[in-house]
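Me: I would like to go through the labels used for this model one at a time, asking what each of them rests on. Please set the value against the criterion in every reply.

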Amino acid sequence: MNRLEVKDLTVAFPTADGLVQAVRGVSFVLEAGQTLGVVGESGSGKSVTMQTIIGLTRGARVTGQALFEGQDLLAMSNDDLRHVRGAEISMIFQDPLSSLHPFYRVGWQIVEMIRAHQNVSSHAARQRAIDLLRLVGIPQPERRVDDFPHQFSGGMRQRAMIAMALANDPKLLIADEPTTALDVTVQAQIIDLMQSLQKELGTTIIMVTHDLGVVADIADEVIVMYAGRAVEQADRRTLFYRAHHPYTRGLMGSLPGKGGAHERLNPIAGQPPSLIRIPSGCPFHPRCPFVMDRCLTEEPPLLDVGTDEGHRSACWLPADLTGFDRQVDERRWTAAEADRSGRARAMSRALLPTPAPERAS
């Protein structure tokens, strides 16, 4: 049985300005002990997807299924969900300052988490909290366990949130930007900690992040999200070496050091779209250097591409055009040119981050 299976999840929020289509038909499957990396720019729907899975998007219009060991989390009552959330499924939130209660000591909050799901004494739960703080690298945990959140630095608060999430040895750990506020050495310690927990307990991990370096270290499978939907899915190696979607190509091209110390970064042109007014056709077409006529009016489905099993992409470019070398880009450009009229051609030339490949006259 799969640990988690999400089927065609959609999430929308009614607002005075219109309907925010935060998540649009996301699907994925995770087995025990597997790690999924979810990447994309801010506003792509990553965090909303994960919060919806554990019932934290009140007021949203939600459809689809999220099957955790065969039980649909989206159909559970609040009482049933409370028995799962925090015990079998834990989440490390993006902002520890707003996730920790300012009026209660850090240790008390971890103890509450433990005692809500385990039949243990206050003393045993407190000792477990101290051990967890030590595990995540909090100095002098016997003393700091009685501190308030404002007495912790930003990185220490994040580590305290990670300790709380690990308190009940969850089967599924959702980590929403867990290493953002941490320096590089502590990042490595936290990733090692999560991986050791995974090896010991078979924990399934979902890592939501902007950091492709973290994804390269920890993920088995990767989903790239844009404008509320998955635009590419593949195993880690396939995504980093044989990506298909131009948005994934843009993310990889934005990595520092990819082209050498003297080569300038190639940021993706423009800004992510409003989720109230998503562009027609492919939502990435206003920012895509390979935009074609059909991209302006038809939204591509997520289909198999390349030769690697499980590699899927939502792009109208030919399915065999995967990878990052110049020859592949020239073939992308040629394929796109064959399906361009004046408008798409003008958009493409205005958005190219680098000069167009030379073509035979």
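Me: Why is Arg287 called buried or exposed, whichever applies?

Reply: The model is a predicted one, in which local features need pLDDT of at least 70 and side-chain atom pairs count only at pLDDT 80 or more, while totals for chains, interfaces and linings use all residues. Residues are numbered from 1 along each chain as its sequence is written, and side-chain values use heavy atoms, with hydrogens and water left out. A residue is buried under 20% relative accessible area, exposed over 50% and partly exposed in between, with a 1.4 Å probe and protein chains only. Arg287 has a relative accessible area of 4%, so this residue is called buried.

Me: What makes the pair Arg287 and Glu41 a salt bridge?

Reply: The term requires a side-chain nitrogen of Lys or Arg within 4 Å of a carboxyl oxygen of Asp or Glu. Between the side chains of Arg287 and Glu41 the N to O distance is 2.9 Å, so the pair meets the criterion. Arg287 lies in the loop between helix H11 (246–253) and strand E11 (303–304), and Glu41 in the loop between strand E3 (35–39) and helix H1 (46–53), so the salt bridge ties together parts that are 246 residues apart in sequence. Helices (H or I, at least four residues) and strands (E, at least two) are DSSP runs, numbered from the N terminus. By the salt-bridge rule, the count comes to 21.

Me: How do you know that Arg332 and Asp329 also form a salt bridge, and where do they lie?

Reply: Their closest N and O atoms are 2.7 Å apart, which satisfies the rule. Both residues lie in helix H12 (residues 326–337), three residues apart, about one turn of the helix. In general, an α-helix has 3.6 residues a turn, so residues three or four places apart point the same way. Arg332 counts as buried at 1% relative accessibility, and Asp329 is buried as well, at 13%. Elsewhere, salt bridges that share partners join Arg3, Glu69, Glu88 and Lys171 into one network.

Me: Why are Glu298 and Arg294 called partly exposed?

Reply: Glu298 has a relative accessible area of 34% and Arg294 has 31%, so each value falls in the intermediate range and earns that label. The side chains of Glu298 and Arg294 meet in a salt bridge at 3.4 Å, N to O.

Me: What makes Gly40 a buried residue, and which residues is Gly40 in contact with?

Reply: Gly40, placed in the loop between E3 and H1, counts as buried because its relative accessibility is 6%. Contact means heavy atoms within 4.5 Å, and, leaving aside neighbours within four places in sequence, Gly40 is in contact with Lys46, Thr209, His210, Met225 and Tyr247. The C-alpha atoms of Gly40 and Ile223 are separated by 8.6 Å, although these residues are 183 residues apart along the chain.

Me: Why is H11 described as largely enclosed?

Reply: Seven of the eight residues of H11 are buried, so the helix is largely enclosed by the rest of the structure. Tyr247 and Arg249 are among them. The buried residues of H11 pack against helix H9 (212–218), strand E9 (221–226), strand E10 (229–235), helix H10 (236–241) and H12.
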